[in-house]
Amino acid sequence: MRRLLILAMMLGLAGPALAQEPPATPDRPLANAEQEARAQALFEDIRCVVCQHESIADSPAGVASDMRRWVRDRIAEGQTDTEVRDGLVARYGDYVLFTPPVRLGTLLLWGLPLVLVLGGAGVLVWFARRRSGQIEPDADLTTAERTRVDNLLKAARTGPEDDATLPPKTRDGTS
Amino acid sequence: MIVELGAFALCLALALSGLQVVASVAGRLRSSPVLAGAGEGAGLAAFLAVGLAFGVLIYAFVVSDFSVSNVALNSHTDKPMLYKVAGAWGSHEGSLVLWCLVLTGFGALLARARTGEAGLPFGLKAVAVAAQGGLGALFLAFVLFTSNPFVRLSPVPVEGASLNPLLQDPALALHPPLLYGGYVGLSVCFSLAVAALIEGRPGAGFWPAWGRWIRPWALASWALLTAGIALGSFWAYYELGWGGWWFWDPVENASFMPWLAAAALLHSAVVTERRGALIGWTVFLALVAFSLSMLGAFLVRSGVLTSVHAFAVDPERGLMLLGILGLTAGAAFTLFALRAGQLTGRTLFAPISREGALVVNNLFLSVAAATVLVGTLYPLVLEAAGGATISVGPPYFAVTFTPLMAMALIILPMGPLLGWKRGDLIGALQRLAWAAGLSLLFALIVWGLFRPREALTGAGLALGAWLVLGALAELTERIRLFGKRTPGELGRRTRALPLAAWGMTAAHAGLGLFVLGAVVETGLKVETARPLEIGQTVAAGPYQATLRAVEIIEGPNYLAESATLEVEPLGGGRPETVRAEKRFFPAGGQTTTEVGLSFHGLDDVYLVLGERRLSDSGERAWTVRMNWNPWARLIFLGPALMALGGLLSLLDRRLRTVDTTRRKRSPA
């Protein structure tokens with residue numbers, strides 16, 4: 001009896017996430033293949049507004065289905081991608097797009113990676129220049145290091161090369 | 001009674017961790033090996049106590065003791081045994097006990113680390129054990145005061161609420177232990193860095209030795225994180241049924257940031273060890289890596305990700321985690337700032353050198369980690385500051401993160417072929433010429449075979465092949481495959497190659513395989529969805545699937561609509577039967593999808609059973625979504641190879657720091 005009850009519940013179930021959700025209307029792709037491709041590309045960037053972190057391309061929620069239909073309708077009406085995006089932002093806010101807007105408040109978000117990598121590279125170049133005069137071959141080798149280099153070179157000429165990422169097995173205690 | 005024993009064991013572990021701190025600090029101050037030894041013993045005992053508590057928690061889940069609130073909320077008598085056990089770490093409270101178990105476990109390993117001539121100096125070890133004990137005490141206090149898993153319920157419910165069915169999956173049962181092993185393994189790097197900041201002496205070979213001491217811990221953590229993230233990604237791929245494997249979800253980012261930092265640490269520690277350079281940077285990274293782990297725990301465990309407002313409703317746990325993060329990271333970075341001036345190595349190297357290449361690698365990896373950090377936190381900060389709510393998703397990371405990593409990967413194969421101190425870039429490039437040529441040829445051929453032909457896909461193919469072939473080129477250089485060598489000598493050279501070298505080759509080649517898989521899957525996958533009546537066919541890419549039957553079946557704790565589909569190549573060929581299911585879990589009232597996967601070489605045919613509906617002709621039909629995901633296997637095989645590479649390096653005799661064997665030390 002319980003099993004039948006569950007079965008009935010299950011067959012009545014449509015939304016995979018929640019039992020209370022109304023059944024999602026099935027997707028009807030646009031007849032025009034080029035327009036459908038544009039719609040699919042847009043779906044990837046549009047956030048399902050009731051989900052945790054899902055695009056409407058992925059989400060099984062009923063709301064996502066409605067949003068997909070809304071986007072397809074706009075494209076069928078002849079709107080451009082930008083117009084569709086603007087329409088969505090007007091309805092739901094910036095939150096609805098996975099691409100954050102570029103404006104004063106998000107300057108740091110968009111700019112920081114570039115600033116960091118250029119700044120880091122600048123610092124490295126500055127270091128390298130300042131030091132370039134100081135690098136004299138072998139000039140700052142200690143006697144112990146020189147012995148090690150000689151041994152390594154000898155080993156490289158005669159025997160198997162030592163691992164390049166690790167110190168040689170011999171004499172490298174805590175010193 | 002047994003449950004109270006668990007709660008008691010947790011309290012005991014907290015006290016032992018406190019004792020660990022006090023005894024180790026006192027041992028250091030009085031230079032007393034007895035006191036320091038007591039600190040180490042306390043660390044070991046704390047681990048055993050947390051182990052007992054964890055065992056008790058698992059026991060409570062196994063016997064379905066619903067008088068324990070955590071069991072009642074996360075288990076159910078119907079659940080298969082594996083998920084009863086895994087349920088112990090499936091909830092907030094249980095996962096934090098696991099966190100403490102790993103934390104004290106690594107602490108116990110640290111307590112067993114070698115000392116003396118070939119191992120850690122007395123003072124450094126005592127301070128590191130104290131720091132590890134401090135971390136343990138903070139997190140155990142957090143568990144006991146905000147997230148006690150042993151709280152009893154009255155009245156006792158007859159049945160439990162069960163574990164979220166999405167989590168009832170073998171991959172996800174194993175995912176948290178691996179991931180936490182990685183997250184928390186970095187705590188030892190953190191403790192060793194703090195200890196070195198206090199104990200470190202300039203010169204006299206201290207810092208190169210320190211670089212060698214932290215490498216195994218960084219390596220183990222990185223390998224565990226790699227395996228854990230890959231497993232989680234694979235779970236998302238086949239359990240969520242969306243066809244994707246990485247969504248730049250904040251929860252994913254939370255685990256990815258420590259991974260990037262650990263990868264950077266792994267490489268900079270090599271420079272510190274071999275050349276006594278980049279000391280300050282390596283120490284900084286060791287502190288950053290575990291701080292990012294703790295930040296990840298805060299993000300995932302505080303509820304702040306759902307919304308800033310959800311966090312504000314129940315801020316106790318979040319604020320306490322934030323407090324732990326602020327206290328530990330704040331103290332460590334203050335210490336770092338005070339000592340930074342003394343952390344400059346005196347070793348010099350030319351820009352074109354092994355060190356130079358590793359520095360550039362670190363630049364890109366750390367900026368990439370910073371980018372993920374900014375992308376994850378920016379919406380939270382903006383919203384908390386009263387600004388607009390924005391979403392930062394895949395399109396943002398595609399234009400920021402991806403170019404950074406691409407740059408790092410282009411230079412990667414050159415690094416290992418450059419000499420220390422002053423490298424010969426022209427020579428390295430000459431030795432890589434065949435790898436570069438073959439990569440371009442490979443990319444051109446594959447690019448020509450597939451549609452659509454995107455320029456970025458071609459570039460990605462060349463990059464992936466460049467990594468794989470570059471890793472092989474480096475290997476052939478080491479064994480001097482090319483040149484007048486007898487087979488005997490080749491064999492001898494191959495056998496003489498240390499495990500660490502194999503590990504590096506495997507990890508770099510694995511990264512290349514991952515890039516190939518990710519690029520091809522992303523650029524060339526084909527998705528079709530349509531309603532199918534029994535006997536009808538859907539096609540995607542070079543395969544088609546025919547719906548043969550749909551039946552209702554009963555699982556241990558669910559009912560499922562189970563579809564039988566036949567997958568065959570379009571040109572004809574042997575059909576293969578695949579099952580795709582939609583499961584309904586009455587205990588939680590939830591439905592999950594069980595993807596039907598059919599493996600064809602490196603490609604996946606991916607089938608998702610959707611809604612039941614009436615077709616246009618009035619027949620019963622089911623929406624079936626079919627993906628052809630070319631080379632998807634490499635997305636998960638690549639990271640597996642990377643983790644294996646980490647393991648191989650870890651097994652290298654020369655990286656062994658923990659005295660596990662007690663046998664006579666090999667002659668050094």
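This passage describes the fold of chain A, the surroundings of one of its proline residues, and two helix packings in chain B, as they appear in a predicted model.

In chain A, the secondary structure consists of six helices and zero strands, and the order of elements from the N terminus is accordingly written α-α-α-α-α-α. Of the 175 residues in this chain, 21% are buried. Among the contacts in chain A with a separation of 6 or more, 44% are made by residues 24 or more positions apart.

Pro100(A) lies in the loop between helix H4 (81-92) and helix H5 (107-132) of chain A. This residue counts as buried because 23 C-beta neighbours are found inside 10 Å, the cut-off for burial being 20 or more. When neighbours within four places in sequence are left aside, the contacts of Pro100(A) include Thr106(A) and Leu109(A) from chain A, together with Ile390(B), Ser391(B), Val392(B) and Tyr396(B) from chain B. The C-alpha atom of Pro100(A) is separated by 8.8 Å from that of Trp110(A), which is ten residues apart from it along the chain.

In chain B, helix H5 (residues 92-111) takes part in two of the packings described here, with H7(B) and with H2(B). The axes of H5(B) and helix H7 (residues 170-199) come within 9 Å and cross at roughly 45 degrees, which makes the two helices oblique to each other; the crossing is right-handed. On the side of H5(B), the contact is made by Ser95(B), Leu98(B), Trp99(B), Val102(B), Leu103(B), Phe106(B) and Leu110(B), whereas the contributors from H7(B) include Pro176(B), Pro177(B), Tyr180(B) and Gly181(B). By class, the residues of this contact comprise eleven nonpolar, five polar and no charged.

The axes of helix H2 (residues 33-62) of chain B and H5(B) come within 8 Å and cross at roughly 150 degrees; since an angle over 145 degrees counts as roughly antiparallel, H2(B) and H5(B) are therefore assigned to that class. The crossing of H2(B) and H5(B) is left-handed. Residues of H2(B) that make the contact include Glu40(B), Phe47(B), Phe54(B) and Leu57(B), and among those of H5(B) are Gly94(B), Leu98(B), Cys100(B), Thr104(B) and Ala111(B). The contact of H2(B) with H5(B) has 13 nonpolar, six polar and one charged residues. Leu98(B) is listed in the contact of H5(B) with H7(B) and also in the contact of H5(B) with H2(B).

Technical notes: Residues numbered from 1 in each chain as written. Chains lettered and ligands numbered in written order. Predicted model: local features only at pLDDT ≥ 70, side-chain atom pairs only at ≥ 80, totals over all residues. Axes fitted to C-alpha atoms, helices over the stretch in contact; angles between N-to-C directions. Helix = DSSP H or I, 4+ residues; strand = E, 2+ residues; numbered from the N terminus. Parallel < 35°, antiparallel > 145°, perpendicular 65-115°, else oblique. Left-handed = near helix turned anticlockwise from the far one by under 90°. Contact = placed C-beta atoms within 7 Å. Nonpolar A, V, L, I, M, F, W, Y, C, P; charged D, E, K, R; others polar. Buried ≥ 20, exposed ≤ 12 C-beta atoms within 10 Å, placed from the backbone.
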